Amino acid sequence: MAVFLALIAGYLDGYGLLVLGTYVSFMSGNTTFTGLKCGQNNFQAALPSAVAVLFFVTGSFLGNLFTQSRLRHCHRLIFVVIAGLLATVGGLERHGPWNVPAEIAMLSLAMGMMNPALSRVGAESVSLTFVTGTLNRIGGHLAAAAGRKPLSDGQGPGDSHLARARIDASAWSGFLVGAGLSGMAASHLRMWALLAPCGVMIALALFSEQATPSTENRITSAASDVRSAL
C-alpha cells in the first residue's frame, strides 16, 4: 500500500507541476517559491503556491482528525474523499484554465490527507507525499548498517537497518515512477489524466486492509498486549 500511495502522490505532484504550474505535495518548494515571490513584491505569482501550502495543511489536519477518531476504517473514508476530490478536479479541468486555483486547492487538500492514512510500515515511519525525509532516512539507515549499529526498536529477526532502508527506497521509487507516469499521461491524455489515480483510490477504499489504526483500536490493541503479558 505504501508504494501504491507514494506512486499516486508522485503522479499527482507531477500533474500539478506540469498542468497547473504548482506542486501539490512538495511543500518545501512551494514555501521557498512563496517567500521568494513575496520578497520580490510579486504577490500574484506567489498566490498559487501559497494556496497549495494552506490547503495541504488543511488536508493534513483533516486526515489526522480522521485517523485519531473512533472510526473503524478511517483510512477508507480518507481514500473515498481523495477519490472524490480527484474526480472533481478532473471535471473542472474540462471547463478551462480559469479553475486552476480551485484545482490546486483540491489536489493539495487530497495530498495533505493522504500521508496520515499510512504513517508506518511496521516500526518504520514513511512519508508518502514528500521524499526529502525519506531520502534522509535511507542515508541514516545505510550509515547505521555500515557502522554495524544495532536497531534500537527492532521488530524481529527480519528487521534491520538495511530492511528499513529498502522500505524507504521502495516508497521513494514509487514516488519517482508516479511522477514519470504523470509526465506521459498528462502530455498525451490531459483530459483523462486523473482517471487512473481516481480509480486506484476507489479500489484502495474498497479492498484495502486497515492502514492506520483508529484511537479505539490502538487502545484495544494495547490492552490486549498488557493482558497477554500478564
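Which pattern does the chain follow, read along the sequence?

## Overall fold

The chain follows the pattern α-α-α-α-α-β-β-α-α-α-α. This is a predicted model. The chain holds nine helices and two strands. Of its 230 residues, 41% count as buried.

## Helix α3

Helix α3 covers residues 43–67, which makes 25 residues. From the first C-alpha to the last, α3 reaches 35 Å, close to the 36 Å expected at 1.5 Å a residue. The helix nevertheless has a kink of about 30°, centred on Ser49.

Ser49 is also one of the buried residues of α3. The others are Ala46, Val51, Ala52, Phe56, Gly59, Gly63 and Thr67. As background to such a list, an α-helix has 3.6 residues a turn, so residues three or four places apart point the same way.

## Salt bridges

The count of salt bridges comes to two. In one of them, the side chains of Arg137 and Asp168 meet at 3.4 Å, N to O. Arg137 lies in helix α6 and Asp168 in helix α7, so this pair ties together parts that are 31 residues apart in sequence. Is each partner buried or partly exposed? Arg137 is partly exposed, with a relative accessible area of 21%, whereas Asp168 is buried at 0% relative accessibility. The cut-off for buried is under 20% relative accessible area, so Arg137, at 21%, does not count as buried.

Arg164 and Asp159 also form a salt bridge, with a distance of 2.8 Å, N to O. Both Arg164 and Asp159 are buried.

## Aromatic pair

The structure holds one aromatic pair. The ring centres of Tyr23 and Phe26 are 4.9 Å apart and the ring planes stand at 90°, so the pair is edge-to-face. The cut-off behind that label is an angle of over 60 degrees between the planes.

Are the two residues of this pair buried or partly exposed? Tyr23 counts as partly exposed at 28% relative accessibility. Phe26 is partly exposed as well, with a relative accessible area of 30%.

## Loop residues with positive phi

Asn41 is found in the loop between α2 (27–39) and α3. Phi of Asn41 is near 60°, a positive value in a residue other than glycine. At 60% relative accessibility, Asn41 counts as exposed.

Arg148 has a positive phi of about 55°, although this residue is not a glycine either. Where is Arg148 placed? Arg148 sits in the loop between α6 (132–146) and α7. Its relative accessible area is 76%, so Arg148 is exposed.

## Nonpolar surface patch

Which residues make the nonpolar surface patch of about 450 Å²? Leu189, Met191, Trp192 and Leu195 make it. Within this group, Trp192 has its place in the loop between α7 (161–188) and α8 (195–207). Trp192 is exposed, with a relative accessible area of 54%. The cut-off for exposed is over 50%, so Trp192 meets it at 54%.

How values were computed
Residues are numbered from 1 along each chain as its sequence is written. This is a predicted model: local features need pLDDT of at least 70, side-chain atom pairs count only at pLDDT 80 or more; totals for chains, interfaces and linings use all residues. Side-chain values use heavy atoms; hydrogens and water are left out. Helices (H or I, at least four residues) and strands (E, at least two) are DSSP runs, numbered from the N terminus. The expected span of a helix is 1.5 Å times one less than its number of residues. The bend at a residue is the angle between axes fitted to the seven residues ending there and the seven starting there. Buried means under 20% relative accessible area, exposed over 50%, partly exposed in between (1.4 Å probe, protein chains only). Patches are made of residues with over 30% relative accessible area and no salt bridge: like charges are joined within 9 Å, nonpolar side chains (Val, Leu, Ile, Met, Phe, Trp, Tyr) within 5 Å. Accessible areas come from the Shrake-Rupley method with a 1.4 Å probe; for residues, only the protein chains shown count as cover. A salt bridge is a side-chain nitrogen of Lys or Arg within 4 Å of a carboxyl oxygen of Asp or Glu. Rings of Phe, Tyr and Trp (its six-membered ring) pair if their centres lie within 6.5 Å; planes under 30 degrees apart count as stacked, over 60 as edge-to-face and the rest as tilted.
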